[in-house]
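Work through the exercises below with the model open beside you. Try each task before reading its solution.

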Amino acid sequence: MSEVNQAGSADAPTTGDGAEVSGEASQQQPQQQSSDKWLVALKDPTPGLNTLSQCMVLTDVTGDGENRLVVADLGDTRTNMRLRVYKGTALAMENTIIDLPVGVAAFYLDTNTPRSPAVAVASGPSVFIYKNMRPYFRFTLPPLDLHPLEEEIWAAAREGRASAVQVRGIIEDLRNQGASITGRSQRLLALHPDQLQEFVEAYKTAPLRRLSVVTALDTLKKSHSEEDAISCLVMGTEACQVQVLDPQAFTVLAKMQLPSPPVFLCSSGLFDVDYRIVAACRDGVIYQLRRGAKEATQGIRLRASAVGMIRVDKHIVVATMDRQLSGYSTKGKELWRAALPAGVTALAPLSLPSKGFNAALVAMDNNTVCVYKDKLEVDRLVTEDVVTGIRFGRYGREEATLVTVGRSGGLAIYILKRSAKFVDGAGGVGGPPAKQFSRLPLPKKTRLFVDQTLRERDCAVSMHRQFLHDLYRLRLMTAENYVQALETKATPISASKEDPVKLACTVQGVGPVFRLTVGLQNASLTTAIAGLGISFAYDGLLYRLEKVYIPVPYLVPGLTYNFSTIVECLTDKGIADAIKVYILKRDNDSPLVTGVVNMPVSESFVV
Amino acid sequence: MSDKGKSSSGRGGIVNSDDQNGGVVGSKAPPPPQPQQAEPGPPPTKDPNGGGSGGGGGSGGGGAPKPAAPQGRKPPELPQVERSNWLIHMHYVRGEFDACMRLIKEQLVDSGNLCEYALYVQGLILRQRGRIQESMDAFQQCALLNPSSVNNLKQVARSLFLLGRHRAAAGVFQDAAKQAPDDWEIAHNLGVCCMHMRDFAQAKDHLRRAAGLRPHESTLVQLGKIHIIENDLQHALEVFRRAVELAPENPDLLSTLGLLYMQCNQYQKAFEHLGNALTYDPEHTKAILAAGSIMQAHGDYDVALTKYRVAAGNAPESAAVWNNVGMAFFGKRKFVAAITCLKRAAYLSPFEWKVQYNLGLVHLYTEQYASAFHFLTAAIQLRPKMPALYMLLGVALSNLDDAENCRLAYDEALKVEKETGSRSLDPLVALNYAVYLYNSGDASASGRMLGEFERRLQERHGNAAAAAAEAPDAVETGKRLAALLNVGESLLWRTEAPAAAAAAAAAGPADSAAPAVHRAPAGRDQPKRFAGAGGADELRDIQRAPLPPTEPPSHPKPDPTRRPINPQPDF
C-alpha cells in the first residue's frame with residue numbers, strides 16, 4: 001500500500017493545484033473542467049487490460065488487511081485471458097483463465113480466521129473459486145434437460161443404428177420445431193455434409209450434455225448480514241435461470257426462471273431469512289425475484305437496454321442505452337430520471353460510509369466519470385481515455401479509492417481527498433439558458449439600404465411604372481423569341497409528332513481544329529425514324545468543315561447516336577462565329593430541328 | 001426432472017474420466033495452471049459434473065474444434081456456441097459496435113452461422129448503421145434458425161417497415177401477432193404501418209388496442225397524429241392529454257399539446273403547457289416559438305424576443321424563428337430589424353408565403369409600396385386563394401396610382417372570398433375597398449362597401465362595443481369615412497357625433513387605410529406544423545389579434561431585467 005500512498009502524495013501537489021485553478025473556472029463552465037476532489041495515485045497506460053466493471057473487485061485476498069484489485073482480463077476474448085491481482089501500483093499475481101471470464105466476486109465461504117475472502121470467477125459454464133489466490137474449487141452449472149428425441153438419436157448413433165445423415169435429419173427437425181438442442185448438435189448442423197460422418201464418429205461415444213453459460217455473477221449473504229458473513233453466489237445463466245449456490249457444499253440452493261438471460265444481478269437481504277434478486281435481462285426488462293419464487297414474469301420495461309444496474313441506498317439505479325439514468329424503487333416505480341450528456345460505458349456504486357453518502361459513478365464515452373446523487377450530477381472527473389471498467393472502494397489502506405480501466409487498456413487509480421464534499425446541485429442546473437443573454441446576430445443598417453428606402457418612398461410610383469413597363473417588354477421579347485424559335489425549328493426537340501428528335505451538340509478542342517459532335521436521340525417510345533440527314537450552315541471565310549452533310553442511319557428509340565465532324569478555323573483574328581446544325585428529313589423543305597453552336601475562339605491565335 | 005437426474009448421475013463417472021483425457025488431448029489449451037485440478041475442498045455432495053467440461057474449457061480458447069481427433073481417443077469437448085453472447089450484449093449496449101462486430105464474426109465462424117443471438121445483434125448494429133437491407137437479412141436468418149421466436153419476426157417486420165415496405169411489414173406483424181396476441185409493441189407497430197398505408201380506421205383500432213394493453217406515450221403520440229391528420233382536434237387533444245399524464249416531463253408532448261390548444265383557441269391552457277415544456281427544457285425550440293407567438297399576440301414583444309434568442313441560437317436556419325423574430329420587431333416598430341429578420345427568413349425558406357406576406361405588410365408600413373407589391377405578388381403566387389393578400393395588394397396598388405389594377409385586386413379579393421366560402425368574412429377587405437373607392441371619387445360604391453363592412457363587423461363581433469374594443473382602428477376609420485360620406489343614419493356609430501372635421505378627414509381615410517389592414521401575423525407559423533390545419537385556421541390566426549395602431553408605438557414596457565435588444569433606432 002505504501003506505494004500507492006507515495007505515488008499519491010508525489011502527484012498530489014501538482015494535480016491538486018492544477019485542479020484548483022481549473023476549479024475556479026468551473027464556476028462558469030462546469031461542462032469542461034475536471035473536479036478537484038480527486039488525487040491521481042496512478043496512471044499507467046501500459047497494462048493492456050480488457051475488462052468490464054463486473055470483472056473487477058477490490059478485496060483483501062490474503063487476509064493481511066490490505067485490499068487488492070482483482071481483475072479478470074478478457075484478453076482478446078479467445079486467448080490471453082488472465083486473472084490479475086494488483087497490489088499498490090504493481091501487478092502482484094497472475095493466473096491464466098481458460099474460458100472467457102464473465103464476472104468476479106469476492107465472498108466469504110467459511111468462518112476460518114484470519115478472515116480472508118474467496119474470489120469467484122465465472123467463466124463459460126463454470127465458476128472457479130480461488131482461496132488466497134490459489135485455485136480451490138470449480139463448480140460447473142448442472143446440465144440442462146435433454147430433448148428425449150435428441151438423446152435417443154445420439155444413443156442410436158452410438159449403437160450404430162443410425163447414420164450420420166439420419167442424425168442430422170432428426171436434429172434439424174428438432175431445431176425447426178423450436179426445441180433447445182445441445183451444443184454438439186448445433187455444431188453438427190453447421191457442418192459440411194462431408195464432415196458429418198467424421199464428426200458423429202468422433203463424438204457419438206462421449207456423453208451428451210446440454211450446458212449453459214454463466215452470464216452474470218453476484219453474491220448474497222447467507223444468514224448473517226455482517227461485512228464478513230458467509231455469502232452465497234448468485235449466478236445468471238444463458239438458459240434464463242438464476243441459481244443460488246451454497247458456499248460450503250457447492251450445491252444449488254435455489255433455481256429461478258426468467259423470460260430472458262440476465263445481464264446484471266443485484267441481490268439484497270439474507271438467503272435464509274428473506275431476499276430479493278433484481279435481474280436486468282437482455283429483453284430490456286428488469287425482473288424481481290423473491291425468496292421462494294420459482295419464476296418472474298412481470299417486470300419494469302425499460303425504454304432501452306440497460307448498460308449498468310446497481311443498488312444505491314434502497315433504490316435500483318439503471319443506466320440505459322438511450323443516455324438516461326433512472327432510479328427505481330424496489331416496487332418498480334420510476335422515481336427519477338436524468339438525461340446524460342453521452343453514452344454510458346460503465347456504472348458502479350460510490351459509497352462513503354463515514355459520511356453516509358451513497359451515489360452512482362457513471363463513466364461515459366465523452367471521457368468523463370460523473371458522480372450522480374439521484375438525478376443531480378455532483379461531480380465530474382475528466383479522464384484521458386473512455387473508461388470501460390470502474391470500481392470504487394477500499395484499496396490498500398485507503399478507504400475511498402476509484403479504480404478505472406480505459407478502453408485502450410490503461411489502469412488509473414484516483415484517491416478521493418478527505419476534505420472532498422459532494423454538494424447537491426454543483427452541476428449548475430437551473431436558471432435561464434445562457435443563450436438568452438446573447439444578442440441576436442443582426443446585420444447593421446447600411447447607408448445603401450437607407451438611401452434606397454428613401455428613394456423608394458419618394459418615387460415609388462415611377463419605380464413601379466418603370467418596372468411594369470420593363471415587365472411587359474420582357475414578356476413581349478420572350479413571346480417573340482418563342483415564336484421565332486418555333487418558326488426556325490430551333491428548339492432542341494423537334495416539335496413534329498412523327499419525328500420527335502432530340503439534338504445536343506458539343507464542341508471539343510482548343511483550336512484551330514475543333515471536333516463538333518452532334519448527338520441525336522429518337523425521343524419516341526415505339527417508332528423508329530429513318531431518312532434523316534445532318535447539314536451545317538456556316539461562314540465559309542471563317543470555318544472549313546470536314547463533312548458538310550452527314551447522312552443519318554435508322555434511329556432506334558431511346559438510343560443516342562453521335563456524329564462528328566472536324567471544324568477548322570481559318571481566321572487568325574481571334575473571332576468566332578456560330579455554326580447552325582440542321583436536321584433534315586428527306587422530302588421536307590424545312591428542317592426538323594435547328595441547333596446553333598456558338599464556336600469558341602480558337603485559342604492558338606489568341607495566345 | 002427425474003429423467004435428467006438419472007442421466008446425469010449415470011454419466012458422472014464417464015465425465016470425470018473424460019475430463020482427465022481431455023486435459024491431455026486438448027493440445028490447443030493454454031498450458032496449466034488449471035484451477036479445476038486443484039484439490040477440491042469440501043467434497044461436493046451433488047456435483048457429479050464438477051470438473052465437467054475441463055477439457056472443454058481447455059479447447060475453449062482454441063477456436064473451431066476439429067472433429068479429427070486421434071483415433072480411439074476422446075474428442076475435445078466442444079466450446080459452448082453461446083459462450084460470448086453476454087459479451088456481445090455488453091459491447092452492444094455500450095455502443096462499442098466495432099468490437100461487437102468483431103466478436104460476432106468470430107462467434108458466427110465458430111458456430112457456422114448458427115448462433116441466433118450473434119445474428120440478432122448483428123442485425124441490430126447493421127440497422128443502427130443504416131444498412132437496413134443487410135440487417136433484414138440477418139433477422140431473416142434468425143427467424144429461420146428459431147421460427148418460434150416472436151422477437152425475430154418483429155425485427156424482420158421492423159426492417160421491412162424501415163425499408164418503406166409497409167404492407168409487407170404489416171403482414172409479418174400480423175403473423176407475429178398470431179403467436180403473441182397480447183404484445184402491445186406488435187399492435188403499436190401494426191397501427192403505425194396502417195397509418196403509413198393511409199388506412200386510418202385500422203390504424204386507430206390497432207393503436208387503441210396497443211394503448212389498452214400497455215399505455216405508452218409513443219402509441220398515444222401516433223394515435224394523436226392520426227387525429228391531427230384527420231383534423232379531429234378534439235380527439236387529438238384528448239389523446240395528447242393522456243400522453244402527457246403518462247409522461248408529464250416530456251417537453252415534446254407538452255409543446256404538442258400546447259399547440260393543439262392554440263389551434264382550439266384555448267390560449268390560456270396552451271400557454272400553461274408550453275410554459276411547462278419550457279420548464280423541463282428551456283431550449284425547446286418548438287415550445288419557444290409557440291409560447292413566443294402567444295406573447296406576441298398579447299403585445300409582450302420584449303419577453304418574446306428574449307425567448308426567441310434561445311431559439312435563434314439553437315435553430316439559426318429555421319425560417320419560422322426568423323419570421324417570428326421579425327414580427328416581434330415589427331410589433332416594437334423596429335422596422336429595419338423586422339425587414340432584416342424577415343428577409344433572412346425568406347432566404348431560408350423562399351417558398352413560404354407567410355414570410356412574403358409579412359414582408360409585404362412591413363413594407364406597406366415603411367411606405368415602400370413598390371417593394372410591398374413585389375412581396376405580395378410573390379405571396380399570391382405561392383398561395384392564390386387568400387382574400388387578405390389581394391386586399392393588401394390593393395392597398396399597395398392604390399398607393400402606386402395604379403387605379404385599374406387596384407380595383408381588380410379588390411374585386412379579386414371579394415371573388416376569392418366567395419369562392420372559398422369563408423364562414424366569417426373579413427370586414428377589413430370591405431373597409432379598405434370603401435376607402436379606396438372614396439378616394440377615387442366613387443362615393444356611392446364606397447357607401448355600399450361601407451355598408452358591407454358594417455354587416456361583416458356585426459357578424460364577427462356581435463355588437464358595436466365588442467367591435468370597438470377588439471378592432472378600434474377599423475371602427476375609427478369606418479366612422480371617419482361614414483362622416484365624409486354622410487351616410488351615418490343606419491350605421492353602428494349613428495349615435496355618436498361625427499367628430500372628425502371634414503378638413504382633417506379629407507386626407508384621413510387615405511392615411512388610415514394602411515393602418516386599417518394592420519394585424520399582427522404573429523404566431524402564424526404554428527398552423528403549418530400540423531398537416532391538417534386548413535385554410536380557415538390560418539385565416540383565423542391572421543385576424544386573431546389586430547394590433548391597434550393607436551397604441552403608443554415606441555414605448556415598450558420598461559423591464560429592468562432585460563437588456564436592450566435592438567439598439568437600432570426606428571426610422
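The exercises go from a whole chain to sheets, then to single residues and a record.

This is a predicted model, in which local features need pLDDT of at least 70, side-chain atom pairs count only at pLDDT 80 or more, and totals for chains, interfaces and linings use all residues. Residues are numbered from 1 along each chain as its sequence is written, chains are lettered from A and ligands numbered from 1 in the order in which they are written, and side-chain values use heavy atoms, with hydrogens and water left out.

**Exercise 1. Describe chain A as a whole.**

Step 1. Start with secondary structure: chain A has eight helices and 36 strands. Helices (H or I, at least four residues) and strands (E, at least two) are DSSP runs, numbered from the N terminus.

Step 2. Turn to burial. Of the 607 residues of chain A, 52% are buried. Buried means under 20% relative accessible area, exposed over 50%, and partly exposed in between (1.4 Å probe, protein chains only).

Step 3. Look at contacts (heavy atoms within 4.5 Å). Take those in chain A between residues at least 6 apart in sequence: 49% of them join residues at least 24 apart.

**Exercise 2. Find the edges of the sheet 2-3-4-5 in chain A.**

Step 1. Read the order. Four strands, 2-3-4-5, form an open antiparallel sheet. Two strands pair if DSSP finds at least two bridges between them.

Step 2. Pick the ends. Strand 2 (56-59) and strand 5 (90-96) each have a single partner strand, so one side of each has no neighbour in the sheet.

Step 3. Check the inner pair. Strand 3 (residues 68-73) and strand 4 (residues 82-87) of chain A run antiparallel and are joined by five bridges. A:Asp73 has A:Arg82 of strand 4 as its bridge partner.

**Exercise 3. Do the same for the sheet 18-19-20-21 of chain A.**

Step 1. This open sheet also has four strands with antiparallel pairing, in the order 18-19-20-21.

Step 2. Its edges are strand 18 (306-312) and strand 21 (334-339); each has a single partner strand, so one side of each lacks a neighbour in the sheet.

Step 3. Inside, strand 19 (residues 315-320) and strand 20 (residues 324-328) pair over five bridges in the antiparallel sense. A:Ile316 stands opposite A:Tyr328 of strand 20.

**Exercise 4. Is A:Arg380 buried or exposed, and what does its side chain contact?**

Step 1. Locate A:Arg380: strand 25 (residues 376-382) of chain A holds this residue.

Step 2. Its relative accessibility is 8%, so A:Arg380 counts as buried.

Step 3. Its side chain makes a polar contact with the side chain of A:Glu377 at 2.9 Å. A polar contact is a pair of N or O atoms within 3.5 Å; within protein, one must be able to donate a hydrogen and the other to accept it, and residues adjacent in sequence count only if both atoms are side-chain atoms.

**Exercise 5. Examine the phi angles of A:Cys240 and B:Asn265.**

Step 1. Recall the background. Most residues other than glycine have a negative phi.

Step 2. A:Cys240 is not a glycine, yet its phi is positive, about 65°. A:Cys240 sits in the loop between strand 11 (231-237) and strand 12 (241-245) of chain A. It is buried, at 15% relative accessible area.

Step 3. B:Asn265 also has a positive phi, near 65°. Its loop runs between helix 13 (251-263) and helix 14 (267-280) of chain B. At 41% relative accessibility, B:Asn265 is partly exposed.

**Exercise 6. Compare an annotation with the model.**

Step 1. An unreviewed UniProt entry gives "repeat: TPR" for several spans of chain B, including residues 217-250 and 353-386. UniProt positions are given in the numbering used here, feature names are shortened, and annotations may be inferred rather than shown by experiment.

Step 2. Residues 217-250 of chain B are 79% helix and 0% strand, with end C-alpha atoms 10 Å apart.

Step 3. Residues 353-386 of chain B are 79% helix and 0% strand, with end C-alpha atoms 11 Å apart.
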